[in-house]
Amino acid sequence: MTARNLLLLPGDGIGPEAMTEVRKIIAYMNEAQGAGFVTDEGLVGGSAYDAHGAAISEEDMAKALSADAVLFGAVGGPKWDDVPYEVRPEAGLLRLRKDLELFANLRPAICYPALANASSLKPELVEGLDILIVRELTGGVYFGEPKTITDLGNGQKRAIDTQVYDTYEIERISAVAFELARTRGNRVCSMEKRNVMKSGVLWNQVVTATHKEKFSDVKLDHMLADAGGMQLVRAPKQFDVIVTDNLFGDMLSDVAAMLTGSLGMLPSASLGAPDAKTGKRKALYEPVHGSAPDIAGTGVANPIAMIASFAMCLRYSFNMVAEADRLEKAIANVLDKGIRTGDIMAEGCRQVGTVEMGDAILAEFQALSA
Ligand SMILES: NC(=O)c1ccc[n+]([C@@H]2O[C@H](COP(=O)([O-])OP(=O)(O)OC[C@H]3O[C@@H](n4cnc5c(N)ncnc54)[C@H](O)[C@@H]3O)[C@@H](O)[C@H]2O)c1
Ligand SMILES: CC(C)[C@H](C(=O)O)[C@@H](O)C(=O)O
Ligand SMILES: [Mg+2]
């Protein structure tokens, strides 16, 4: 069997703690199922800065470019608050997204039945919630130039970030959203601010044209992004797939995360375009949460977002759909048994740490695989 090459970039804070739990699942799949994963490791974020003075080394970038998929933990933390902006931990993640051309960020927000009570919303608003945020990931204000702070010489400074979108960038991300919608509820809601931003006007026009040309079987709605945020909290189950730009997608996916109970629950996949010859996509899988400096090192972090990100990797990079389904089912079963990390703890449940949660999911996965 051909090897499945994975690059593991655990990063900082709770990133390495969560990644340890995924390593156990990979080892089991190799030993018991002959899955053929070949893993390599690298540094990213603050840990890379400490070792190399850069948020990711050229060597690790080369590994990321040649891997079948990258598993990413989290980066950042107060230790690196004062490092130069260009080499801050987050720059490593942004470089990976840009250089691997991972333009499509899939952020599913699913409320597991057992967690309906862990949401800050009433259980009836989130029970059965299953939405997918498709966030554009390589454009917009994250990467637009100029991006500067200049001294105006009168005691004032001016900061500029630039929102830029070209037609092709909006076309390809909306095509991803429409294609994915066809595999689920067949509805897309596009969010922008065309009432204030030129990029919002173009976004709206291009999504509408792409829909008309190739995807008219899918139901399309448009919403201003601020109203979209409000609707996500008011009645989240009205949505199926949401497609939006880089910055709005960042914020709206954190909102969606809390609907599911905790940031510690939300996985994501960042995908590139399929290669013209092989059909393979570059891909990186990471939890939506950050390095959680407030709990790092205490062994209480929820590893589910990281494990569920690996399930997305099985599905999207290796077409191991049955294994992905089983891993997701293992997570649901463990939650059904009342096993909880602190962030999703509820009355009558048993509170465990990161390692015990990882062990419980692995045991369930083994049982389902037997
Ligand atoms: N992809 C990434 O690497 C990524 C994403 C977001 C933030 N960050 C970085 O992480 C650092 C901290 O940012 P922040 O505090 O705004 O966001 P955060 O996601 O790290 O933490 C927000 C809150 O959620 C909790 N939380 C997050 N993940 C959890 C988990 N798995 N289990 C239990 N609780 C969890 C944290 O304890 C914290 O109270 C910053 O440097 C930021 O830039 C990195
Ligand atoms: C760490 C940061 C650069 C990143 C982002 O803003 O995209 C994070 O918040 C995310 O949601 O992945
Ligand atoms: Mg974010």
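## Core, ligand shell and annotated aspartates

In this predicted model, valine 134 is in contact with Ala104, Leu106, Ile173, Val176, Ala177, Leu180, Val241, Ile242 and Val243, when residues up to four places away in sequence are left out of the count. Valine 134 also belongs to the largest nonpolar core, a set of 107 residues in which Leu71, Val134 and Ile307 touch the most other members. Helix 10, which spans residues 304-318, supplies the largest share of this core, namely 10 residues, and the core takes at least three residues from each of domain 1 (1-103 + 272-370) and domain 2 (107-267). In soluble globular proteins, nonpolar side chains tend to be buried together.

Turning to the ligand, there are 21 residues around ligand 1, and those that come nearest are Gly76, Gly264, His289, Gly290 and Asn302. By type, the shell around ligand 1 is made up of 10 nonpolar, seven polar and four charged residues.

The UniProt record, an unreviewed entry, carries the annotation "binding site" for Asp226, Asp250 and Asp254. These aspartates are spread over 29 residues of sequence, yet they cluster in space, with a largest C-alpha distance of 14.0 Å. Two of them are set out below.

| Residue | Helix | C-beta neighbours within 10 Å |
|---|---|---|
| Asp226 | helix 8 (residues 225-234) | 13 neighbours |
| Asp254 | helix 9 (residues 246-259) | 15 neighbours |

Aspartate 226 counts as partly exposed because it has 13 C-beta neighbours inside 10 Å, a number between the limits of 12 or fewer for exposed and 20 or more for buried residues. Aspartate 254, with 15 other C-beta atoms within 10 Å, is therefore partly exposed as well.

How values were computed. Residues numbered from 1 in each chain as written. Chains lettered and ligands numbered in written order. Predicted model: local features only at pLDDT ≥ 70, side-chain atom pairs only at ≥ 80, totals over all residues. Near = placed C-beta within 6 Å. Nonpolar A, V, L, I, M, F, W, Y, C, P; charged D, E, K, R; others polar. Core = buried A, V, L, I, M, F, W, Y, C linked by C-beta atoms within 7 Å. Helix = DSSP H or I, 4+ residues; strand = E, 2+ residues; numbered from the N terminus. Domains from an automatic or database assignment. Contact = placed C-beta atoms within 7 Å. UniProt positions renumbered as here; feature names shortened; annotations may be inferred.
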